[in-house]
Amino acid sequence: MAQDVLCEVNNCVYNKSGNKCGAPQIYVASNKGKEAETSHETDCKTFKPE
C-alpha cells in the first residue's frame, strides 16, 4: 500500500503541504468502464473543492 499519496490540485480540501494528500482514503475510478489503459482514463473521486 502506498505510504505517500501526492496531489498537485491546490484547491482540494485534502491537499497538504508538499503536495501531500491528507484524505483518509483515496478512490480512483476509470472513466472508460472497469478497465483503464492510461492515467488519462482515470479520475480521482476523492477530490473535494475548498
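This passage walks through the fold, contacts, surface and pocket of the structure above.

The model is a predicted one, so a confidence filter applies: local features need pLDDT of at least 70, side-chain atom pairs count only at pLDDT 80 or more, and totals for chains, interfaces and linings use all residues. Numbering starts from 1 along each chain as its sequence is written, and side-chain values use heavy atoms, with hydrogens and water left out.

On the fold itself, the chain has four strands and zero helices, where both element types are DSSP runs numbered from the N terminus (helices H or I, at least four residues; strands E, at least two). Reading along the sequence gives β-β-β-β. The C-alpha atoms fit in a box of roughly 30 × 25 × 15 Å along the principal axes. As for burial, 12% of the 50 residues count as buried, meaning under 20% relative accessible area, with exposed set at over 50% and partly exposed in between (1.4 Å probe, protein chains only).

Salt bridges come to a count of one, taking the term as a side-chain nitrogen of Lys or Arg within 4 Å of a carboxyl oxygen of Asp or Glu. The partners are aspartate 4 and lysine 20, whose closest N and O atoms sit 3.5 Å apart. Aspartate 4 belongs to the segment before β1 and lysine 20 to strand β2 (residues 20–21), so the bridge ties together parts that are 16 residues apart in sequence. The acid counts as exposed because the relative accessibility of aspartate 4 is 52%, while lysine 20 is partly exposed at 32%.

Next door in sequence terms is asparagine 19, placed in the loop between β1 and β2. Its phi is near 60°, a positive value in a residue other than glycine. That stands out because most residues other than glycine have a negative phi. Asparagine 19 is partly exposed, at 32% relative accessible area, and its C-alpha lies 7.9 Å from that of valine 9, with the two positions 10 residues apart in sequence numbering.

Further along, alanine 29 is found in strand β3 (residues 28–30) and is buried, with a relative accessible area of 14%. Glutamate 41, in the loop between β3 and β4 (42–44), is also buried, at 18%. These two are 12 residues apart in sequence and 8.6 Å apart C-alpha to C-alpha. From glutamate 41 to glutamate 8, 33 residues apart along the chain, the C-alpha separation is 18 Å.

On the surface, Val5, Ile26 and Val28 make up a nonpolar patch with about 210 Å² of accessible area together. Patches here are built from residues with over 30% relative accessible area and no salt bridge, joining like charges within 9 Å and nonpolar side chains (Val, Leu, Ile, Met, Phe, Trp, Tyr) within 5 Å; the areas come from the Shrake-Rupley method with a 1.4 Å probe, and for residues only the protein chains shown count as cover. Valine 5 lies in the segment before β1 (15–16) and is partly exposed, at 30% relative accessible area.

Finally, the largest pocket has a volume of about 220 Å³. A pocket is an open set of points, on a 1 Å grid over the protein atoms alone, where a 1.4 Å probe fits, with protein on both sides within 12 Å along at least five of seven lines; lining residues have an atom within 4 Å of a point. Grid points are joined across faces, edges and corners, and the volume is the space filled by probe spheres set on them. The lining numbers 13 residues, with Leu6, Cys7, Val9, Cys21 and Cys44 nearest the centre. By class, the lining has 11 nonpolar residues, two polar and no charged, with Ala, Val, Leu, Ile, Met, Phe, Trp, Tyr, Cys and Pro counted as nonpolar, Asp, Glu, Lys and Arg as charged, and the others, Gly among them, as polar.
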